[in-house]
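Visitor: I'd like a close look at one part of this assembly, a single strand and what lies around it. Please start with how the chains are arranged.

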Amino acid sequence: MALSFQHLTSTKQLTREDMDAILKVSLEMEKVRDSGSSELLKGKVLASLFYEPSTRTRMSFEAAMHRLGGSVITAEGIQFSSMYKGETIEDTIQMASQYVDIIVMRHPEQGSADKAAQVSGVPFINAGDGPGQHPTQGILDMVTISKERGTLDGISITMVGDLLYGRTVHSLSFLLGLYKDVTFTFVAPDALQMPEKVTSYLDEKGMKYSVTQELEDGLNSDVLYMTRIQKERFADSSQYEKLKDSYILEAAHVKDRDITVMHPLPRVNEISTDVDALPNAAYFRQANNGVIARMALLAMLLGEA
Amino acid sequence: MALSFQHLTSTKQLTREDMDAILKVSLEMEKVRDSGSSELLKGKVLASLFYEPSTRTRMSFEAAMHRLGGSVITAEGIQFSSMYKGETIEDTIQMASQYVDIIVMRHPEQGSADKAAQVSGVPFINAGDGPGQHPTQGILDMVTISKERGTLDGISITMVGDLLYGRTVHSLSFLLGLYKDVTFTFVAPDALQMPEKVTSYLDEKGMKYSVTQELEDGLNSDVLYMTRIQKERFADSSQYEKLKDSYILEAAHVKDRDITVMHPLPRVNEISTDVDALPNAAYFRQANNGVIARMALLAMLLGEA
Amino acid sequence: MALSFQHLTSTKQLTREDMDAILKVSLEMEKVRDSGSSELLKGKVLASLFYEPSTRTRMSFEAAMHRLGGSVITAEGIQFSSMYKGETIEDTIQMASQYVDIIVMRHPEQGSADKAAQVSGVPFINAGDGPGQHPTQGILDMVTISKERGTLDGISITMVGDLLYGRTVHSLSFLLGLYKDVTFTFVAPDALQMPEKVTSYLDEKGMKYSVTQELEDGLNSDVLYMTRIQKERFADSSQYEKLKDSYILEAAHVKDRDITVMHPLPRVNEISTDVDALPNAAYFRQANNGVIARMALLAMLLGEA
């Protein structure tokens, strides 16, 4: 299926039609993967360029490429020798475009993905540009909600933790805004609540949301999206001490409820391991959906699905 | 062939039947490799997770996977970004289980392999957990002895160097203990002799062994297994000075003898390079056997051999 | 086609027949790559050993291997754990020869490539040994000139920048010396002019060359080969200040001329980005030629082309 873009740098590029198509192809890709080996991207080469290490995201993209029969060349972290010789991102990407068929890049600087996409001679995917965008995380979260709940229209979701700085909850809110009648509950300390740029977008879309400091207020949703809350975000450490345990999810919170627990991972202690064995716990399945969603994106951007 | 285990974390899991099966399949794998390309593991993906770098072991596993037509995703050393965000081994392995079909892990902490195997959703192989186990090294040593000497029952082996701390000689002794009438000669300074945990095991198995400080006492065996002896192991440096040259093997020691020289590599100077050209020198063939033994293990644990 | 060598460590090994054969096979490889997937090197494994990081060169070789259906195992930079345990290059290469079918190595020490080639049991390619050789860069430059200009005999080339220390311009001069009636213009500050070892070689071959400090003197050639000039090479910084802007190429210099602009990359500022859009700008196509030239070398050394 065709997407409305050639390079993926931001969730803001996606229309509902794009998101629906990615969902559909992701489910097909799940079957492809489970049926054994595929040759859909045989002969295609992916450059996996991680200026900043992100083992999880990198491995997910590389597994996706291999699952479709493609090949991968990788550069990560301090291995970027040319960067240290003063080369611009634009030159690196123009060079890599000569080597491969598709490029995935993570870079610590916001805006670097747009610079790269502007000159790339092959499809380009942003795998995170610092505090900027990380669109495939939002997309895999959408695939997860859709698979776990059977729909996206009409669902209710609670987002917990650091909603001010959390890139993943912003992206996910944006993508859910493409659907109908989604209800949001934002659970966070006042100092870390959802920023105006997100709430004004939801207002514009006519979405309902409520704001609270109490985790308990959010346990009646279809989805509970946990994120990590970091001590260093608090100016007043006594506020941190007061709140920190409020946002640690335990089995008792969810075991008798029809609520799907998600987390972008890695977790530290914000979800107790006693939740892992519950059917509610979707965070490892979420990692699994990352692979099929990336298979879908790689194949679609290469014109092979 | 079936193995008695799903995850390989320790040589202590192996029965004689397991070891015999691995030997048999390793020889088949040698033919597979020499005949060109194989598609036995086509479509399968290996995660090669080296929290601690070990270029040799990593490349051997990855070559084995490629030789069978499979794919590899790699993370090594400081690339483990999620580790630095406080993620547990258990979470990393549960995540990786969503991405791949089989996992190989090296980790600096003893016991980490058992933790990983406990939660892994796919077959798991320990590639060394600190001072703990490194079972595939022992297995490839067994394959080497079997290929070089035509048998394992009844062979005589001399082990030289740091027998107290040497993980490889302990594993190999254990595996040889599964066979019949193996005779051991342990050549080491008193302070670095084979520990009681190994000798008591051999006693239990009814194996004969002798203990000496002189390399010359061990040159009548079928196999001479050299290891490095490290200066820092000696409390008394004068004892080191006295002994260090005793354990440097030279061509003159073995050139007219029917003795197979092995070494786990890397060597520093404990085997003179003039030994390399002798037919006795099996240590580079040993590296070769590492690939076929790992091909066998990957294929068997994936149910494809 | 057969080459006159089994291991490639220096441009000095190449005869004109070798170079012609590589050119011919490179053009075939371009077609192979553009036609989609190839299985020419299916089942073959490359060890890509970069003791010193060089992302560009490494990715180019790895892309070349994947384009031919082969597999790659990689070690780069600090990942070389065995090096730190005191292993010699010779032992590492003998070990790697047991794992793979062909080896590419970059190493910071001059002479390391010769040491490696001497013991390698499989074809070996030097990807740069410190201030020593980097033969595949020279070869891809030759492929580029041949493709851009339609011939190598009779061409005129201007080389600009640090000609004293520049490894690439030395290799390229040597290879051009295998052809007929090549004319050279060397543009550099006196302190960084082409060394006698190159000019005496050209004298021997009966090649014409002229020496100048002015970029403008070199704009009538078929090829303009730019390199970076480094401040730290100048004893007298006032000379650097005087010259530095003389060697920054801008669109105005070349836009109305039939001159091909090359650069080994990465560039810093010695070619203005306004040159990039001109048809003269061949430096990204040069990167592309690096892949097809390396495909040719891998296939030829493995006896498959």
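Visitor: By what turn and what shift along the axis can chain A be laid on chain B, and with what RMSD? After that, please take me to strand β6 of chain A.

Guide: Happy to. First, the ground rules: this is a predicted model, in which local features need pLDDT of at least 70 and side-chain atom pairs count only at pLDDT 80 or more, while totals for chains, interfaces and linings use all residues. Residues are numbered from 1 along each chain as its sequence is written, and chains are lettered from A and ligands numbered from 1 in the order in which they are written.

Now your question: a turn of 120 degrees with a shift of 0.1 Å along the axis lays chain A on chain B, at an RMSD of 0.1 Å. In chain A, S71(A) has the C-alpha nearest that axis, 4.9 Å from it. Copies are superposed here by least squares on the C-alpha atoms of residues with pLDDT of at least 70 in both. Chain C goes onto chain A by a rotation of 120 degrees with 0.0 Å of shift along the axis, again with RMSD 0.1 Å. That is how a three-fold axis relates copies. In chain C, the C-alpha nearest the axis belongs to S71(C), 4.9 Å from it.

Where chains A and B touch, the contact (C-beta atoms, placed from the backbone, within 7 Å) takes 22 residues from chain A and 21 residues from chain B. On the side of chain A that touches chain B, α2 (55-67) and α11 (283-301) of chain A each supply at least two residues. Of the elements there, α2(A) gives the most, with 8 residues. Helices (H or I, at least four residues) and strands (E, at least two) are DSSP runs, numbered from the N terminus.

Now to your strand. In chain A, β6 covers residues 183-187, and 4 of its 5 residues are buried, so the strand is largely enclosed by the rest of the structure. Buried means 20 or more other C-beta atoms within 10 Å of a residue's own, exposed means 12 or fewer, and partly exposed lies in between, with C-beta atoms placed from the backbone.

What flanks β6(A)? With strand β5 (residues 156-160) of chain A it pairs in the parallel sense over 5 bridges; pairing requires at least two DSSP bridges between two strands. One such link joins M159(A) to its bridge partner F186(A) in β6(A). Between these strands the chain runs through helix α7 (residues 167-176) of chain A, giving a right-handed β-α-β crossover. Right-handed means that, with the strands pointing away from the viewer, the path from the first strand over the helix to the second runs clockwise.

Strand β7 (residues 208-212) of chain A also pairs with β6(A) in the parallel sense, over 5 bridges. Here V187(A) has T212(A) in β7(A) as its bridge partner. With helix α8 (residues 196-205) of chain A, β6(A) and β7(A) make a right-handed β-α-β unit.

For a wider view, turn to chain B. There an open sheet of 5 strands with parallel pairing runs in the order β7-β6-β5-β8-β9. Its edge strands, each pairing on one side only, are β7 (208-212) and β9 (260-262) of chain B. In chain B, β6 (residues 183-187) and β7(B) pair in the parallel sense over 5 bridges, and V187(B) finds its bridge partner T212(B) in β7(B).

Methods: Two residues are in contact if their C-beta atoms, placed from the backbone, lie within 7 Å.
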